[in-house]
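This briefing covers a metal site and one helix. Look through the structure below before reading the points.

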Amino acid sequence: MRLDHVGIAVKDWPQAVDKWREFTGTEPKFEDVSEQGFRVAVFDLGNARIELLGETADNSPISGFIKKRGGGIHHIALEVENIENKMKEAEEMGLELIDKTPQTGLENKKIAFFHPRSFDYTLVELCGPKED
Ligand code: ZN
């Protein structure tokens, strides 16, 4: 298992993107998920990535988070070889998954979220390896 990314909800999108770009010296990859009301900028740091999450609609899960907390770490994502096996293992351990079957995330990776109460109120995402 490895840390794939940390997702950070940001209030001021252009300012945050510029700051992370300058600070990390890396060019982000942008993804528009406007059908779910948000957009993503991914900064690849080599060993892990930073995923900035900005709202594009005020009924998105990101805007709720920003309204409540003003932004900040939204979730962490752990990559596993076989997501289905890991999900089954997790359920046997009594951990609660929000997604009962994997959904398709960025880069066509299979992803699944745990209920935050499974990990001390930290939203944890599981992701499979990149699919071609
Ligand atoms: Zn994520």
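Glu-51 is buried, with a relative accessible area of 9%. The model described here is predicted. Glu-51 is one of the residues that coordinate the zinc ion, and the points below start from that site before turning to helix α3.

**The zinc site**

- Four residues coordinate the zinc ion: His-5 and His-75, each through NE2, and Glu-51 and Glu-125, each through OE.
- The coordination distances run from 2.1 to 2.6 Å.
- The spacing of these donor residues in sequence is H-x45-E-x23-H-x49-E.
- Within this set, Glu-51 and His-75 link distant parts of the chain: Glu-51 is in strand β4 (residues 49–55), His-75 is in strand β5, and 24 residues separate them.
- The angles among the 4 donor atoms range from 88 to 167°, and the site is irregular.
- Four donors count as tetrahedral only if all angles lie between 85 and 135 degrees, and the upper end of the range here is 167°.
- For comparison, the ideal angle for four tetrahedral donors at a metal is 109.5 degrees.

**His-75 and its surroundings**

- His-75 belongs to strand β5, which spans residues 72–79.
- Is His-75 buried or exposed? His-75 has a relative accessible area of 3%, so this residue counts as buried; the cut-off for buried is under 20%.
- The side chains of His-75 and Glu-51 are joined by a polar contact of 3.3 Å.
- Leaving aside residues up to four places away in sequence, His-75 touches His-5, Val-6, Gly-7, Glu-51, Leu-53, Phe-113, Leu-123 and Glu-125.
- Among these contacts, His-5, Glu-51 and Glu-125 also coordinate the zinc ion.

**Helix α3**

- Helix α3 covers residues 83–92, and its buried residues are Ile-83, Met-87 and Ala-90.
- Why do these residues sit on the same side of α3? They lie on the same side because they cover an arc of only 60° around the axis.
- The buried residues of α3 pack against β7 (110–113) and β8 (124–127).
- Lys-88 and Glu-92, on the other side of α3, are exposed.

**The ends of α3**

- At the N-terminal end, α3 is capped by Asn-82, which has a side-chain oxygen 3.1 Å from the backbone nitrogen of Glu-84.
- Gly-94 follows α3 and has a positive phi, near 90°.

Methods. Residues are numbered from 1 along each chain as its sequence is written. This is a predicted model: local features need pLDDT of at least 70, side-chain atom pairs count only at pLDDT 80 or more; totals for chains, interfaces and linings use all residues. Side-chain values use heavy atoms; hydrogens and water are left out. Helices (H or I, at least four residues) and strands (E, at least two) are DSSP runs, numbered from the N terminus. Buried means under 20% relative accessible area, exposed over 50%, partly exposed in between (1.4 Å probe, protein chains only). A polar contact is a pair of N or O atoms within 3.5 Å; within protein, one must be able to donate a hydrogen and the other to accept it, and residues adjacent in sequence count only if both atoms are side-chain atoms. Contact means heavy atoms within 4.5 Å. Donors are N, O and S atoms within 2.8 Å of the metal (3.2 Å for Na, K and Ca); water is not among the atoms, so sites may look incomplete. Four donors count as tetrahedral if all angles lie between 85 and 135 degrees; four count as square planar and six as octahedral if opposite donors are over 155 degrees apart and all others between 65 and 115; anything else is irregular. The arc is that of the directions from the helix axis to the C-beta atoms.
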